[in-house]
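Here is a short exchange about how some structural terms are earned. Please have a look at the model before reading on.

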Amino acid sequence: MSVTFEKFDLTTYRTCPIVTDGKIAKLYGISGDNVYLLPRGEKSKSFRYVEQLCRWFLSLNLNKSDLVVAVGGGSVGDTVGFATSIYKRGVRLLHVPTTLLAQIDSSIGGKTAIDLDWVKNAVGSYHFADTLIDVDFLKTLDKKQLTSGYGEILKYRMLNEKIDEVFKEGDLSQTVQACVRYKQQVCDVDPYCQNERNKLNFGHTVGHAMELIYGLPHGIAVANGIYYETLLAANMGICSREYAAKWMAEAEKFAILPLTDEIISLTLSDKKNVGGKVSFVLPKAFQQISLTIEELEELKHA
């Protein structure tokens, strides 16, 4: 599982199966018999498109030693990652993430997933792949996509003080590299999310539920999750009110939506849960987190 920072040269992979979406293909001139187009966004994260991809691999006589290249955002990476993990029990994969969110988060660490029955990332696997990060892709992103990426960066800033310092210097390329190196370091220590890696789920318990209910972009949903989970930590006495107020103010820059009973109830479907209780990663202070498991009614009260 290696990560490189360099310019993406399409000609290098002209003989490889390439999976992307229509917008990316048009924007960067990705075409040919070796190119498969997925629909854009969360729609692609389904058994339907995973099956179609696997049938395409079969038609190409793809072998375990062959390399598949996934060019796109997190949805492309998740879908192709899952398909390549189950086709012939795993074929080689290179992620080429084109969004800020995918570059700093979903393309790193080997997690793949598709959605099922209103549960985000309900079905998935671990498939460790290489990643090529070309920050020039970020020049074509619209404001909404960039904002989504910054929502995930907020999580990293709270988890690591050095990332917060790099972020404040204002160089996006350096911030991307700092986030990637931090996540890669955490995943190397705990690749299967047994302990240390759990902290990367901060903001995601509430965030995933809000993403599904409101249809928010992932990073903006995570920023909303960070707001409410930090408030929860303060209400439970896990972090100080001063610490919570500082970071909740940062999260408020992403437009915080109301937290409803429906959203709280949906957290029961989170994959981190244990014994019918809701599992949270809550902030204590800079670089410190607390794993907390709560009954649903206790959670609503808090």
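Q: Why is H204 called buried or exposed?

A: H204 has a relative accessible area of 6%, and buried means under 20%, exposed over 50% and partly exposed in between, with a 1.4 Å probe and protein chains only, so H204 is called buried. The model is a predicted one, in which local features need pLDDT of at least 70, side-chain atom pairs count only at pLDDT 80 or more, and totals for chains, interfaces and linings use all residues. Residues are numbered from 1 along each chain as its sequence is written, and side-chain values use heavy atoms, with hydrogens and water left out.

Q: What does H204 touch, and where does H204 lie?

A: H204 lies in helix 8 (residues 204-214), a helix being a DSSP run (H or I) of at least four residues, numbered from the N terminus. Not counting residues up to four places away in sequence, H204 touches E152, K155, H218, V222, E229 and D270, where contact means heavy atoms within 4.5 Å.

Q: What makes helix 9 roughly parallel or antiparallel to helix 10?

A: Helix 9 (residues 218-235) and helix 10 (residues 241-251) pack at an angle of about 165°, with their axes 9 Å apart. Angles over 145 degrees count as roughly antiparallel, under 35 as roughly parallel, 65 to 115 as roughly perpendicular and the rest as oblique, so helix 9 is roughly antiparallel to helix 10.

Q: How do you know that helix 3 is mostly covered?

A: Eleven of the 13 residues of helix 3 are buried, among them V76, F82 and T84.

Technical notes
Helix = DSSP H or I, 4+ residues; strand = E, 2+ residues; numbered from the N terminus. Axes fitted to C-alpha atoms, helices over the stretch in contact; angles between N-to-C directions.
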